[in-house]
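Reader: I would like a close look at one part of this protein, namely a pair that joins two strands, and then at what surrounds that part. Please take your time and connect the pieces as you go.

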Amino acid sequence: MKIWKEPFGTTKKGEAVERWWLENKNGTKAAVLTYGATLQSLIFADTDIALGFDTMEGYEAQDAYVGAVIGRFANRIGAGRFTLNGKTYDLYINNGPNHLHGGKEGFDKKIWRAEEQEDGLHLFYISPDGEENYPGTLEVEVCYYLDEEDALHISYLAKADQDTVVNLTNHAYFNLSGHGAGNLDDQKVCIYADRFTENDENCLPTGKILSVVGTPMDFREMQPVTARITEDDVQLVRGNGYDHNWIINGDGMRKCAEAVSETTGIYMETWTDQPGMQFYTANYLTPEKKGKDGADYHPRGAFCFETQGFPNATGFEHFPTPVLHVNEVYERKTIFRFRII
């Protein structure tokens, strides 16, 4: 794997941003920005399948978290409030009545320090105690590695100097027909999950765990992404499409999802050691914010496989705990594998 860097631009604050390229022997390439540790491009079989923007102005103008690493807590926390060790913390409300993706200025808007190492591109960020009102100083490290079999590995490490809550993910938007293809009508998805977490009207898990059987949430076999997305199902109506946390079957590193484009033949496997995965169909992308090469990015023009801890896990003891204790190490990994079928 070859790694090199180049200037990408400057933020409104005057911060310099780098773009780092990773390339394997097959010519598969990934581009990662130091702004948000963002996956800006993923080129496989001469097709760029990851949505992104050509300039820093494009990234700072959008609010869809395109390609970024999300933290300190990915997804939603109900009412922006959680209690830890008897103390209640109030967070920024930025998604209806809830806290979303780390708050007003989450990890997606930070400048990360990048360093090439033997096992890939490592990016580092230190979130100080009290940032977005989260407790404890959190040291975060994310590694991107592109292997010679066309798999992109994303690894996460974190540790804190006091008890805190952590939930990290990557918010890449994929379209396997090409980032500017415009819709998902030619793509199918399979999700290895028998259950999902019920959402309320604000896409916040209620605490109830539901079976996928007999519902449009059943992707246990390959299904067209858009075949059932407009059904009069309360969960789809609440999310304006798919925007839900599936509970991945099994434990440890295992395959959690697949996707394929019938146009390009590009097939994608996702593996993770996370307990959940948010399958999101880009329901709120807006075409007036032009993507790479001037592409129009439309609602339901991409999908996200956001491997994660459960949303709103701070509110329910029967959800996997998001608490990271002092002297513990948060360690998670996700792999996106690609081939032509």
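Author: What follows begins with one salt bridge and moves outward to the sheets, the other charged pairs, the spaces and the N-terminal strands. The model is a predicted one, and the values below are computed from it.

The part to look at closely is the pair of Lys255 and Glu269, which form a salt bridge with their closest N and O atoms 3.4 Å apart. This pair links distant parts of the chain, since Lys255 belongs to strand β22 (residues 254–261) while Glu269 belongs to strand β23 (residues 266–272), 14 residues apart. How covered are the two partners? Lys255 counts as partly exposed, because its relative accessibility is 24%, and the cut-off for a buried residue is under 20%. Glu269, with a relative accessible area of 11%, falls on the other side of that cut-off and is therefore buried.

Glu269 also has a place in the pairing of strands, for its bridge partner in β27 is Arg337. Strand β27 (residues 330–340) and β23 pair in the antiparallel sense, over seven bridges. Both strands that hold the salt bridge, β22 and β23, belong to an open sheet of nine strands, whose order is β11-β12-β13-β14-β27-β23-β22-β17-β20 and whose pairing is antiparallel. At the edges of this sheet lie β11 (113–117) and β20 (223–224), each of which pairs on one side only.

The edge strand β11 leads to another charged pair, because Arg113 and Glu115 both fall within its range of 113–117. Arg113 forms a salt bridge with Glu115, and the closest N and O atoms are 3.1 Å apart. Both residues count as partly exposed, because Arg113 has 46% relative accessibility and Glu115 has a relative accessible area of 31%. A further salt bridge brings together the side chains of Arg81 and Asp90, at 2.6 Å from N to O, and Asp90 is partly exposed at 39% relative accessible area. The whole structure holds 18 salt bridges.

A second open sheet has five strands in the order β19-β18-β21-β24-β25, again with antiparallel pairing. Its edge strands are β19 (205–211) and β25 (304–308), each pairing on one side only, and neighbouring strands of this sheet are turned by 30 degrees against each other on average, direction ignored. Within this sheet, strand β18 (residues 195–199) runs antiparallel to β19 and is joined to it by four bridges, and Phe196 has Leu210 as its bridge partner in β19. Lys290 is found in the loop between β24 (276–280) and β25, and with 45% relative accessibility it counts as partly exposed. In space, Lys290 and Gln62 are 9.5 Å apart from C-alpha to C-alpha, although 228 residues separate them in sequence.

Next come the spaces within the model. The largest pocket encloses about 610 Å³, and of the 31 residues that line it, Asp63, Tyr65, Asn95, Leu100 and His101 are the closest to its centre. The lining of this pocket divides into 11 nonpolar, 11 polar and nine charged residues. There is also one cavity of 30 Å³ or more, and the largest cavity has a volume of about 40 Å³. Its lining divides into two nonpolar, four polar and four charged residues, and among them are Arg72, Glu105, Phe107, Glu131 and Tyr134.

Finally, strand β1 (residues 2–10) runs antiparallel to β2 and is joined to it by eight bridges, with Ala16 in β2 as the bridge partner of Thr10. Their hairpin has five residues between the strands, and Gly14 there takes a positive phi near 90 degrees. Strand β2 (residues 16–23) is mostly covered, as six of its eight residues are buried. On to strand β3 (residues 29–33), β2 pairs in the antiparallel sense over five bridges, and the bridge partner of Glu23 in β3 is Lys29. These two strands also form a hairpin with five residues between them, where Gly27 in the turn has a positive phi of about 85 degrees.

Definitions and conventions. Residues are numbered from 1 along each chain as its sequence is written. This is a predicted model: local features need pLDDT of at least 70, side-chain atom pairs count only at pLDDT 80 or more; totals for chains, interfaces and linings use all residues. Side-chain values use heavy atoms; hydrogens and water are left out. Two strands pair if DSSP finds at least two bridges between them. Axes are lines fitted to C-alpha atoms, for helices over the stretch in contact, and angles run from 0 to 180 degrees between N-to-C directions. A salt bridge is a side-chain nitrogen of Lys or Arg within 4 Å of a carboxyl oxygen of Asp or Glu. Buried means under 20% relative accessible area, exposed over 50%, partly exposed in between (1.4 Å probe, protein chains only). On a 1 Å grid over the protein atoms alone, a cavity is a set of points where a 1.4 Å probe fits but cannot get out, and a pocket is an open set with protein on both sides within 12 Å along at least five of seven lines; lining residues have an atom within 4 Å of a point. Grid points are joined across faces, edges and corners, and a volume is the space filled by probe spheres set on the points. Ala, Val, Leu, Ile, Met, Phe, Trp, Tyr, Cys and Pro count as nonpolar, Asp, Glu, Lys and Arg as charged, and the others, Gly among them, as polar.
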